[in-house]
Amino acid sequence: MAYRTHRPEALRALVSDMIIKAGWTPDEARETADHLVLANLSGHDSHGVGMLPLYFQSLADGNLSPHSHSKPRLDAAPFLIVDAGVALGQPAARNAVEQAADMAKAGGVAILNLLDAHHIGRIGHYAEAAAEHGLISLFWVNVAGRPPIVAPYAAREARFGTNPHAIGIPVPGGDPIILDFATSRMAHGKARVALNKGEPVPPGYIIDGEGRPTIEPRHVFQHGLVGDEALGALLPFGDHKGAGLSLIAELLSAGLMGAARIDEKPHKSWVINSLFGILIDPARLEPDAGLRKARTESYLAFVRAAQPQDKSNPVLAPGDKERAVRIERQANGIPLDDETWSQIKAAAAAHGIDAESY
């Protein structure tokens with residue numbers, strides 16, 4: 001599979017122009033473009049600009065509209081509940097997190113529930129946003145609007161979405177700790193990247209429609225199936241542990257508030273996310289920022305100093321790898337495989353934009 005590298009600023013301009021041309025505001029376009037390109041810069045191509053074709057397919061099918069906007073359901077500190085109304089996910093989620101951050105800084109804590117947004121992207125992005133405000137954050141997200149794609153532990157068929165979880169801890173004057181992972185062994189988007197590249201996935205990540213182990217990513221995509229093959233499933237990470245976290249994410253983010261659940265809403269050309277978050281001002285726990293910094297950094301140094309199994313693969317803390325990849329890709333460009341770029345070009349062309357001119 002061939003690749004091309006793209007300058008980050010060129011991709012931001014392309015994404016922004018596509019979203020504006022489709023009817024969203026410049027601010028909404030800027031937030032979405034910054035989010036998607038930062039995901040690519042961080043090495044998470046599964047949540048980067050390769051998601052644009054899905055968004056534009058949702059738009060073409062009438063399942064996503066520039067006229068949809070979030071509305072508050074409850075704004076009474078420390079609780080903030082926002083009904084996103086299937087609005088464009090990145091701006092809807094970022095605005096909700098910013099509101100929750102203001103609430104947490106004023107009162108020490110905020111409990112956020114964002115309901116029924118279109119795909120909100122990389123969840124670690126919001127943990128980073130909270131950390132920029134000096135706040136600890138914990139986020140759980142469900143995935144609805146499409147068929148289940150993750151099997152419960154010991155099952156041969158899917159019942160969950162990839163239902164990610166993220167935690168962010170700010171370090172005063174330093175880089176934050178950002179833990180961000182899908183509750184499946186791999187994100188569905190990473191399987192899409194493998195499919196577009198024509199590459200297998202590692203053994204133990206996927207089962208086919210008969211519940212048999214496979215390394216072919218096509219088994220977890222409807223358009224990849226042959227004949228009357230049934231859709232397969234991703235497996236949960238850590239067996240019962242990942243499966244349990246996935247169930248909790250579904251209930252916390254969507255189930256308790258009656259938002260779209262993966263077993264209830266019609267399957268369309270969209271991804272619906274609801275987000276449950278807790279934001280905490282660490283100054284309420286330890287007022288001395290110097291002590292917080294020293295305690296955190298001393299423990300991080302202890303962890304990173306562990307002898308690695310392979311000297312070429314040093315021990316890292318959550319967020320270290322993403323920051324290193326950002327430096328490399330900012331300098332050398334973002335690689336996109338030909339299939340992903342072809343899909344982006346087609347989506348752009350449908351709105352009169354020549355992606356090759358960027």
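**Reading the terms in a predicted model**

Me: H1 (residues 8-21) and helix H10 (residues 338-349) pack with their axes 10 Å apart, at an angle of about 40 degrees. Why is this pair called oblique?

Reply: The model is a predicted one. Angles under 35 degrees would count as roughly parallel, and those from 65 to 115 as roughly perpendicular. An angle of about 40 degrees falls in neither range, so H1 and H10 are oblique to each other. The crossing of H1 past H10 is left-handed.

Me: Which residues meet between H1 and H10, and how do they divide by class?

Reply: From H1 come Leu 11, Leu 14 and Met 18, and from H10 come Trp 341, Ile 344, Ala 347 and Ala 348. The contact has seven nonpolar residues, with no polar and no charged ones. This follows because Leu, Met, Trp, Ile and Ala are each on the nonpolar list.

Me: H1 also meets helix H2 (residues 26-41). What is the angle between their axes, and within what distance do the axes come?

Reply: The axes of H1 and H2 come within 8 Å and cross at roughly 140 degrees. H1 passes H2 in a right-handed crossing. Among the residues in this contact are Leu 11, Val 15 and Ile 19 of H1, together with Ala 29, Ala 33 and Val 37 of H2. The contact of H1 with H2 holds 11 nonpolar, two polar and three charged residues.

Me: H2 has a crossing with helix H9 (residues 320-332) as well. What makes H2 and H9 roughly perpendicular?

Reply: Their axes cross at roughly 100 degrees and come within 8 Å. The range for roughly perpendicular is 65 to 115 degrees, and the value lies inside it, so the term applies to H2 and H9. On the H2 side the contact is made by Leu 38, Asn 40 and Leu 41, and on the H9 side by Glu 322, Val 325, Arg 326, Arg 329 and Gln 330. By class there are three nonpolar, two polar and three charged residues.

Me: Two other residues of H2 are Ala 39 and Glu 31. How do you know whether Ala 39 is buried or exposed?

Reply: The cut-off for buried is under 20% relative accessible area. Ala 39 has 0%, so it counts as buried. Apart from neighbours within four places in sequence, Ala 39 is in contact with His 44, Asp 45, His 47, Gly 48 and Arg 122.

Me: Why is Glu 31 called buried?

Reply: Glu 31 has a relative accessible area of 17%. That is under the 20% cut-off, so the word buried applies. With neighbours within four places in sequence set aside, Glu 31 is in contact with Gln 90, Pro 91, Arg 94 and His 125.

Me: Now the strands. What makes E4 (residues 109-118) and E11 (residues 272-280) a pair?

Reply: Two strands pair if at least two bridges are found between them. E4 and E11 have eight, and they run antiparallel. Ala 117 has Asn 273 of E11 as its bridge partner, and Leu 114 stands opposite Leu 275 in E11.

Me: Which other strand is paired with E11, and over how many bridges?

Reply: Strand E5 (residues 136-144) pairs with E11 over nine bridges, in the antiparallel sense. Here Ser 137 has Leu 279 of E11 as its bridge partner. E11 is mostly covered, with seven of its nine residues buried.

Me: In the open sheet with the order E2-E3-E4-E11-E5-E6-E7, what makes E2 (71-76) and E7 (177-181) edge strands?

Reply: Each of these two pairs on one side only. The sheet has seven strands and mixed pairing. Its neighbouring strands are turned by 10 degrees against each other on average, with direction ignored.

Me: In the sheet of three strands, how do you know that E8 (residues 206-207) pairs with E10?

Reply: E8 and E10 share two bridges, and at least two are required, so they count as a pair. Ile 207 has Ala 233 in E10 as its bridge partner. The sheet is open and antiparallel, in the order E9-E8-E10. E9 (213-214) and E10 (233-234) each have a single partner strand, so one side of each is left without a neighbour in the sheet.

Methods: Residues numbered from 1 in each chain as written. Predicted model: local features only at pLDDT ≥ 70, side-chain atom pairs only at ≥ 80, totals over all residues. Heavy atoms only, no water. Buried < 20%, exposed > 50% of the residue type's maximum accessible area, 1.4 Å probe, protein only. Helix = DSSP H or I, 4+ residues; strand = E, 2+ residues; numbered from the N terminus. Axes fitted to C-alpha atoms, helices over the stretch in contact; angles between N-to-C directions. Left-handed = near helix turned anticlockwise from the far one by under 90°. Contact = heavy atoms within 4.5 Å. Parallel < 35°, antiparallel > 145°, perpendicular 65-115°, else oblique.
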